[in-house]
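Trainee: Please take me closely through a single part of this model. I would like one strand, its partners and its surroundings.

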Amino acid sequence: MSLFKQFLISYFFCLLLQSLKIVVEAQNIQQCPNPTEISPCTCSIKKNGLDVICEFTDFNHISKAMDGLKGRQNSIIFYLKLRHNNMPKLQGFVFLGLDIHHLTIHNSSLAVVEETSLSSIGLDTLEILTLYENKISVIESDAFRGLDK
């Protein structure tokens, strides 16, 4: 086989591999859900995943927004910020199935953390948990089980 033919075959093969790489990377691009699926929360795309903010609402609306996020396969929620909400109790399994890396619950009147509300987050994903300016009075046993990073 001539050197030119070998070059053309190699060149074609490289283009094919590059095209496959682009297709695979496109499948991994994070996308926010439709705003109506997570309202009143908002979503933006950051370098490492989604940035979801829920402010000035209550637990029922937050729970519905989390359900909207659960319907998205392979979504990485790099930041989930729950700020200035009325949610005296963080109920169990609200985050089940979500890939959350940084969770902040700030100034949300949080008083009770149920056993399965935090431990239901993926054990290998949560890196930072911030629960400041709340009214925490009860943390059920094993609420932080599996969150030992």
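Mentor: What follows is a close look at strand 5 and the parts around it.

This is a predicted model, where local features need pLDDT of at least 70, side-chain atom pairs count only at pLDDT 80 or more, and totals for chains, interfaces and linings use all residues. Residues are numbered from 1 along each chain as its sequence is written, and side-chain values use heavy atoms, with hydrogens and water left out.

Strand 5 covers residues 99–106. Helices (H or I, at least four residues) and strands (E, at least two) are DSSP runs, numbered from the N terminus. Seven of the eight residues of strand 5 are buried, so the rest of the structure largely encloses it. Buried means under 20% relative accessible area, exposed over 50%, partly exposed in between (1.4 Å probe, protein chains only).

Take the sheet next. Two strands pair if DSSP finds at least two bridges between them. The sheet is open, has five strands in the order 1-2-3-5-7, and its pairing is mixed. Strand 1 (42–46) and strand 7 are the edge strands, each pairing on one side only. Neighbouring strands are turned by 15 degrees against each other on average, direction ignored. Axes here are lines fitted to C-alpha atoms, for helices over the stretch in contact, and angles run from 0 to 180 degrees between N-to-C directions.

Strand 5 runs parallel to strand 3 (residues 76–83), and seven bridges join the two. Ile 76 has Asp 99 of strand 5 as its bridge partner. Lys 81 stands opposite Thr 104. Strand 7 (residues 128–130) also runs parallel to strand 5, through three bridges. There, Leu 129 is the bridge partner of Leu 103.

Leu 103 leads into the core. A nonpolar core is a set of buried Ala, Val, Leu, Ile, Met, Phe, Trp, Tyr and Cys residues joined through side-chain atoms within 4.5 Å. The largest one has 27 residues; Ile 100 and Leu 103 are among those with the most contacts inside it, as are Met 66, Leu 80, Leu 82, Leu 90 and Phe 95. Strand 2 (49–55), helix 3 (59–70), strand 3 and strand 5 each supply at least two residues of this core. Helix 3 gives the most, with five. Beyond four places in sequence, Leu 103 touches residues including Leu 80, Leu 82, Phe 95, Leu 118, Ile 121 and Leu 126. Contact means heavy atoms within 4.5 Å.

Now follow the chain onward. Ser 108 sits in the loop between strand 5 and strand 6 (112–113). At a relative accessible area of 0%, Ser 108 is buried. Leaving aside neighbours within four places in sequence, its contacts include Leu 82, Arg 83, His 84, Glu 133 and Asn 134.

Further on, Ser 117 lies in helix 4 (residues 115–118). Ser 117 is also buried, at 0% relative accessibility. A polar atom of its side chain lies 2.8 Å from the backbone oxygen of Glu 114. The backbone oxygen of Leu 90 lies 3.4 Å from a polar atom of the Ser 117 side chain. Ser 117 and Leu 90 are 27 residues apart in sequence, and 6.1 Å apart in space, C-alpha to C-alpha.

Note on methods:
Polar contact = N/O pair within 3.5 Å; in protein donor to acceptor, adjacent residues only side chain to side chain.
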